[in-house]
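The following exercises concern salt bridges, surface charge and secondary structure. Please work through each task before reading its solution.

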Amino acid sequence: MFRRTFWFTAGAAAGVWATTKVNRKLKKLTPESLAAQAANKAIEAGHRLKDFALDVRDGMAERESELDDALGLNAPVDAELPAQRRFAGIENHVKNNPKYLENTTYSYNRNEDH
């Protein structure tokens with residue numbers, strides 16, 4: 001008697017467990033659930049890509065500062081040396097003596113037909 005009751009209860013429990021497991025799997029395979037899973041994966045991939053880009057940017061800035069130090073670009077400028085041409089051309093702060101940009105015939109429009 002006890003043996004039959006035990007096996008009946010064990011079978012019923014196994015049936016309930018299997019039914020629950022199958023229903024959970026079926027709910028995961030519905031179109032709405034698949035769309036939500038795909039959206040979550042896309043968001044996660046976007047976050048990973050953003051983190052990678054930030055790491056690359058930090059590494060680039062660090063390497064650039066190392067190169068600047070190695071080349072002496074961060075060293076103080078000697079007062080006896082003339083100003084750098086690049087800064088003088090871009091700033092063009094002296095109105096009476098236009099420097100390098102206005103005296104050139106080079107066009108900065110790269111879309112222009114030559």
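**Exercise 1.** How many salt bridges does the count come to?

*Solution.* The model is a predicted one, in which local features need pLDDT of at least 70, side-chain atom pairs count only at pLDDT 80 or more, and totals for chains, interfaces and linings use all residues. Residues are numbered from 1 along each chain as its sequence is written, and side-chain values use heavy atoms, with hydrogens and water left out.

Step 1. Apply the criterion: a salt bridge requires a side-chain nitrogen of Lys or Arg within 4 Å of a carboxyl oxygen of Asp or Glu.

Step 2. R48 meets it with E44, their closest N and O atoms being 2.8 Å apart.

Step 3. E66 meets it with R63, where the closest N and O atoms are 3.3 Å apart.

Result: the count comes to two salt bridges.

**Exercise 2.** Locate each pair in the secondary structure, and classify the accessibility of its residues.

*Solution.* Step 1. Helices are DSSP runs (H or I, at least four residues), as are strands (E, at least two), numbered from the N terminus. R48 and E44 both belong to helix 2 (residues 31-71), at a spacing of four residues, about one turn of the helix. E66 and R63 both lie in helix 2 as well, three residues apart, again about one turn.

Step 2. Buried means under 20% relative accessible area, exposed over 50%, and partly exposed in between (1.4 Å probe, protein chains only). R48 counts as exposed because its relative accessibility is 58%. E44, at 35%, is partly exposed. E66 is partly exposed at 39%, and R63 is partly exposed at 47%.

**Exercise 3.** Which residues gather in a patch of positive charge on the surface?

*Solution.* Step 1. Patch members have over 30% relative accessible area and no salt bridge, and like charges are joined within 9 Å. Lys and Arg count as positive, whereas His and the chain ends are not counted; the charge is placed at NZ of Lys or CZ of Arg.

Step 2. The patch consists of K21, R24, K25, K27 and K28.

Step 3. Take K28 as an example: K28 is found in helix 1 (residues 2-28) and is partly exposed, with a relative accessible area of 47%.

**Exercise 4.** Describe the chain as a whole.

*Solution.* Step 1. The protein chain has three helices and zero strands, in the order α-α-α along the sequence.

Step 2. Of its 114 residues, 4% are buried.

Step 3. By the Shrake-Rupley method with a 1.4 Å probe, the chain exposes about 11200 Å², of which carbon and sulfur atoms supply 60%.

Notes
Patch = residues over 30% accessible without salt bridge, like charges linked within 9 Å, V, L, I, M, F, W, Y side chains within 5 Å.
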